[in-house]
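Trainee: Could you take me through this structure step by step, with the reasoning behind each answer?
Mentor: Gladly; let us look at the model together and begin with the ligand.

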Amino acid sequence: MALETTRRDEIAAAANQVRIDTIRMVHAAACGHPGGPLGMADFMATLFMEHLNLDASNRHAPDRDRFVLGNGHTCAGYYSLLAQKGLIDRDALLTFRKFGSPLQGHPHRNHDLGIDFSTGSLGNSLSVSLGMALAAKQNGWDTRVYSASSDGESQEGQIWEAATAAAHYGASNLTVMVDFNNVQIDGYMRDVMDVRDLRAKYEAFGWHAVDVDGHDIDAIDAALVAAREETERPSALILETLIGKGVSFMENQPGWHGVAPNDEEAAKALQELGAS
Ligand SMILES: Cc1ncc(C[n+]2csc(CCOP(=O)(O)OP(=O)(O)O)c2C)c(N)n1
């Protein structure tokens with residue numbers, strides 16, 4: 001069923017809040033990764049607000065859904081969504097990357113906060129997610145496992161070992177969401193090492209795989225619904241996004257992969273995002 005207008009507006013507002021929080025957190029920390037979370041905001045908000053069965057009341061329930069952020073450096077946006085879902089104190093967001101904070105620059109597993117796995121070392125997220133998915137199936141749980149990944153992480157060989165195993169074991173409760181912004185730490189994918197057609201690759205590995213406009217909330221929602229209805233194969237959503245989406249001077253600029261905005265840039269970004 002298509003999203004109702006009010007629901008779509010709520011998800012879009014959550015995505016905008018992700019962008020605002022990301023700018024504030026990375027600016028306050030004076031380090032971090034703003035570009036990725038801005039690009040991922042629309043699909044992450046659609047997942048967290050509409051599909052992921054995780055909230056403050058069920059965080060310790062063994063059969064709830066799981067989420068693993070493979071591209072762990074983009075965690076500012078993840079923390080914003082956990083705050084929006086009541087799992088993290090909003091005040092804590094500005095402790096991002098500070099000593100003693102549970103909100104480090106890469107996620108550290110913390111079930112009280114709903115953080116299911118420590119990530120940052122690229123490549124192992126899909127293997128971990130597959131393990132969670134198979135364990136859930138073995139326990140007879142109605143759990144879905146969502147694994148965020150990226151074009152850069154797709155250069156890691158272990159991703160493809162996991163992709164092989166996931167299809168072999170029929171992990172239909174596993175969905176990978178790949179942030180395909182054509183950018184990685186050192187520049188554009190085509191200049192560093194192109195991964196080419198990820199949809200065709202996942203399909204060849206035996207997955208249900210689709211290309212999705214990563215900024216079209218309706219299309220993202222429909223793809224997540226289709227993934228949930230798939231009963232035999234794992235699902236891959238290859239989400240075409242723009243790094244830095246929503247802030248004019250950050251869009252499609254690899255330089256914003258891992259640099260904090262200065263005072264002036266942060267103010268301009270927040271103004272463009274309509275932050276009050
Ligand atoms: C195993 C490993 N190798 C290298 C790195 C360093 N690293 C951090 S982010 C990154 C680029 C990842 O690409 P992508 O997620 O596509 O970047 P983005 O789109 O956020 O710019 C790299 C190589 C790492 N975190 N882990």
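**The ligand and its surroundings**

Mentor: In this predicted model, an oxygen atom of the ligand is 2.8 Å from an N or O atom in the side chain of histidine 73.

Trainee: Which residue has a polar side-chain atom 2.7 Å from an oxygen atom of the ligand?
Mentor: A pair of N or O atoms counts as a polar contact when the two lie within 3.5 Å. At 2.7 Å from an oxygen atom of the ligand, the side-chain atom we are looking for belongs to asparagine 181.

Trainee: And which residue uses a polar backbone atom to approach a nitrogen atom of the ligand?
Mentor: Here the ligand takes part through a nitrogen atom, and the distance to the backbone atom is 3.1 Å. The residue that supplies this backbone atom is leucine 122.

Trainee: How many residues surround the ligand?
Mentor: The closest of them are Gly120, Ser150, Asp151, Asn181 and His257. Counting the whole set that surrounds the ligand, the number is 15.

Trainee: How much space lies in the largest pocket?
Mentor: The lining of this pocket consists of 18 residues, and among those closest to its centre are His73, Ser150 and His257. By class, the lining has five nonpolar, 10 polar and three charged residues. The space in the largest pocket is about 220 Å³.

Trainee: Which element gives the most to the lining of the largest cavity?
Mentor: The largest cavity holds about 40 Å³ of space, and its lining has six nonpolar, two polar and no charged residues. Both α2 and α3 (75-84) supply at least two residues of that lining. With four residues, the element that gives the most is α2.

Trainee: Is tyrosine 188 buried, partly exposed or exposed?
Mentor: Tyrosine 188 has its place in strand β5 (residues 187-188). Buried means under 20% relative accessible area and exposed means over 50%. Because the relative accessible area of tyrosine 188 is 21%, this residue is partly exposed.

Trainee: Which residue offers the backbone oxygen that the side chain of tyrosine 188 reaches?
Mentor: Leaving aside residues up to four places away in sequence, tyrosine 188 touches Asn182, Val183, Asn252 and Pro254. The side chain of tyrosine 188 reaches a backbone oxygen at 2.8 Å, and that oxygen belongs to asparagine 252.

Trainee: What distance separates the C-alpha atoms of tyrosine 188 and glycine 152?
Mentor: Along the chain, tyrosine 188 and glycine 152 are 36 residues apart. In space, their C-alpha atoms are separated by 9.8 Å.

Definitions and conventions: Residues are numbered from 1 along each chain as its sequence is written. This is a predicted model: local features need pLDDT of at least 70, side-chain atom pairs count only at pLDDT 80 or more; totals for chains, interfaces and linings use all residues. Side-chain values use heavy atoms; hydrogens and water are left out. Buried means under 20% relative accessible area, exposed over 50%, partly exposed in between (1.4 Å probe, protein chains only). Contact means heavy atoms within 4.5 Å. A polar contact is a pair of N or O atoms within 3.5 Å; within protein, one must be able to donate a hydrogen and the other to accept it, and residues adjacent in sequence count only if both atoms are side-chain atoms. On a 1 Å grid over the protein atoms alone, a cavity is a set of points where a 1.4 Å probe fits but cannot get out, and a pocket is an open set with protein on both sides within 12 Å along at least five of seven lines; lining residues have an atom within 4 Å of a point. Grid points are joined across faces, edges and corners, and a volume is the space filled by probe spheres set on the points. Ala, Val, Leu, Ile, Met, Phe, Trp, Tyr, Cys and Pro count as nonpolar, Asp, Glu, Lys and Arg as charged, and the others, Gly among them, as polar. A residue is near a molecule or strand if one of its heavy atoms lies within 4 Å of it.
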